[in-house]
Amino acid sequence: MYHHKNIRLSPSNYQGKASYFVTLCCHDRQVTFSNPANCVHLLEILRATSASRSFAIHAYCIMPDHVHLLAEGLEPHSDLLNFLKTLKLKSSRAFSSHLNHPLWQKKYYDHILRPNESPDSVAWYIWLNPVRAGLATHPAEFPFAGSFTTTIPKTPLRPEPWTHPNFTALWPFSVV
């Protein structure tokens, strides 16, 4: 029996009013979200789940084989682990009828933003993902990057770029 190292902090670290950068990858990096209808359906599930679990989604980007989120807990009872478990479960059930494989990888990457980290810089990191991948020349051109709380500004609000911590040791692939 294989046992995977638990990469999560204590569950109490994921509760309350905090901001999180999250990356969910499709199972075996399948390009499930290269189909625009799948992206629209996932956005509907994300909107409903974030509202019911007291999370604001300040930035999202649905790439063909992964999803980035900047989520903020809005209430003391907001629970990121429960929110992501619910999101993965609801979306997996919704897509199970037309997929011959699981929708998501078992684990996901998360980063709790520290007080000195700018949520605006993280949002721009997420929104620029399709530009870095060559899918758009500006974030506003990509139909599946955006926010449930604001519109994408024409230029970054802060000049300092944000780079996610190196997590290559946790994942056998690179996340764009």
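Helices α1 (residues 36–52) and α2 (residues 80–95) meet in this predicted model, their axes coming within 10 Å and crossing at roughly 145°. Here an axis is a line fitted to C-alpha atoms, for helices over the stretch in contact, and the angle, on a scale from 0 to 180 degrees, is taken between N-to-C directions. The crossing of α1 and α2 is right-handed; that is, the near helix is turned clockwise from the far one by less than a right angle, whereas an anticlockwise turn would be left-handed. On the α1 side the contact (heavy atoms within 4.5 Å) is made by N38, H41, L42, I45, L46, T49 and S50, and on the α2 side by F83, T86, L87, K90, S91, A94 and F95. These residues divide into 7 nonpolar, 6 polar and 1 charged, where Ala, Val, Leu, Ile, Met, Phe, Trp, Tyr, Cys and Pro count as nonpolar, Asp, Glu, Lys and Arg as charged, and the others, Gly among them, as polar.

A closer look at α2 follows. The expected span of a helix is 1.5 Å times one less than its number of residues, so the 16 residues of α2 should span 22 Å, and its end C-alpha atoms are indeed 22 Å apart. Within α2, L80, F83, L84, T86, L87, K88, S91 and F95 are buried (under 20% relative accessible area, with exposed meaning over 50% and partly exposed in between; 1.4 Å probe, protein chains only). The buried residues of α2 pack against α1 and against the strands β1 (19–25), β2 (55–62) and β3 (66–73).

Two loop residues on either side of α1 also deserve a friendly word. Most residues other than glycine have a negative phi. R29, in the loop between β1 and α1, is not a glycine, yet has a positive phi of about 55°. S54, in the loop between α1 and β2, likewise has a positive phi, near 60°. S54 counts as buried because its relative accessibility is 16%.

Turning to the whole protein chain, there are 4 helices and 5 strands, taken as DSSP runs (helices H or I, at least four residues; strands E, at least two) numbered from the N terminus. Their order along the sequence is β-α-β-β-α-β-α-α-β. Of the 176 residues, 47% are buried. Among contacts with a separation of 6 or more, 75% join residues 24 or more positions apart.

Residues are numbered from 1 along each chain as its sequence is written, and side-chain values use heavy atoms, leaving out hydrogens and water. Local features need pLDDT of at least 70 and side-chain atom pairs count only at pLDDT 80 or more, while totals for chains, interfaces and linings use all residues.
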